[in-house]
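Me: Could you take a close look at one part of this protein with me, the open sheet, and then show how the rest of the chain looks around that part? I'd like one connected answer that I can follow with the model open beside me.

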Amino acid sequence: YILNDYTMRGYKIMRHTLGTDQTIDKEIYTEKDSTFRILLRRSKTNKYIFIYSVGGNNTTESYYIDADNSNAAPVIIQPRKNGIKYYVDYFEGNVFHIWTNKDAKNYKLVKVSISNPAMYNWKDVITYNEKAYLQGWEVLKDYYVLQTTEKGLSQIKILDRKKNKWHNVNFGQEDYVAYMSMATDEYESD
């Protein structure tokens with residue numbers, strides 16, 4: 001759980017064991033920079049817990065914790081670098097997928113080995129497109145599903161991972177509003 005300071009900024013992550021007194025809870029992480037706040041999120045698979053330290057200057061720093069190990073310490077993914085934002089999720093194998101603005105003003109999707117997740121190991125999955133803002137993404141067993149904004153309109157794009165072939169969802173109209181949402185966390189969804 002997250003503790004807030006007097007300004008309501010989330011700054012400390014604590015670990016509580018059910019059935020125990022809260023006074024013996026363990027500190028997991030403390031954000032010492034008052035211009036950053038902490039967010040806590042689980043992976044889609046519930047295998048990892050992610051700690052995000054988010055600054056107002058378009059900067060994030062992320063850590064992961066193995067959710068199956070109640071004593072696991074946070075492991076840094078990439079130390080903060082001014083102007084670099086990134087958000088991590090886990091879907092499969094031994095890789096994290098990361099949505100980032102590193103060398104990509106409109107964002108791109110990269111993947112990296114969990115055992116060595118530093119930025120210099122990031123490999124593009126969905127390359128940067130200066131004409132399309134990458135808003136959302138899902139990783140499925142056979143597909144990558146993206147939501148982008150191009151020329152003011154939302155686009156939903158599907159990449160068949162086996163055939164390496166793209167398909168755009170046709171909304172049948174010149175003007176429309178669309179939003180991508182997964183109704184399930186099921187990785188093997190079609």
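Reply: Happy to help; what follows starts with the sheet, then turns to the whole protein and two loop residues.

Please keep in mind that this is a predicted model. The part you asked about is an open sheet of 4 strands, and its order reads β12-β13-β14-β15. The pairing in this sheet is antiparallel. At its edges sit β12, residues 133-139, and β15, residues 165-168, each of which pairs on one side only. Neighbouring strands here are turned by 25° against each other on average, with direction ignored. As general background, strands of a sheet pair through backbone hydrogen bonds, in either a parallel or an antiparallel way.

If you zoom in on one edge, you can follow a single pairing in detail. Strand β14 covers residues 153-160 and is joined to β15 in the antiparallel sense over 4 bridges. A handy pair to click on is L159 and W166: L159 stands opposite W166, which belongs to β15.

Now let's step back to the whole protein. It has 15 strands and 0 helices. The C-alpha trace spans about 60 × 35 × 35 Å along its principal axes. Of the 190 residues, 44% are buried. The accessible surface comes to about 11300 Å², and carbon and sulfur atoms account for 48% of that surface. Taking contacts between residues at least 6 apart in sequence, 33% join residues at least 24 apart. As for charge, there are 26 positive and 24 negative side chains, and the centres of these two sets lie 5 Å apart.

Two loop residues also deserve a look for their backbone angles. Most residues other than glycine have a negative phi. M8, however, has a positive phi, near 75°. You will find M8 in the loop between β1 (2-4) and β2 (10-15). M8 counts as exposed because its relative accessibility is 60%, and the cut-off for exposed is over 50%.

D103 is the other one to check, with a positive phi near 55°. D103 lies in the loop between β9 (95-100) and β10 (108-113). Its relative accessibility is 59%, so D103 counts as exposed too.

To walk through this on screen, you could begin at L159 and W166, continue to the edge strand β12, and finish at the loops that hold M8 and D103.

Terms used. Residues are numbered from 1 along each chain as its sequence is written. This is a predicted model: local features need pLDDT of at least 70, side-chain atom pairs count only at pLDDT 80 or more; totals for chains, interfaces and linings use all residues. Side-chain values use heavy atoms; hydrogens and water are left out. Two strands pair if DSSP finds at least two bridges between them. Helices (H or I, at least four residues) and strands (E, at least two) are DSSP runs, numbered from the N terminus. Axes are lines fitted to C-alpha atoms, for helices over the stretch in contact, and angles run from 0 to 180 degrees between N-to-C directions. Buried means under 20% relative accessible area, exposed over 50%, partly exposed in between (1.4 Å probe, protein chains only). Contact means heavy atoms within 4.5 Å. Accessible areas come from the Shrake-Rupley method with a 1.4 Å probe; for residues, only the protein chains shown count as cover. Lys and Arg count as positive and Asp and Glu as negative; His and the chain ends are not counted. The place of a charge is taken as NZ of Lys, CZ of Arg, CG of Asp or CD of Glu.
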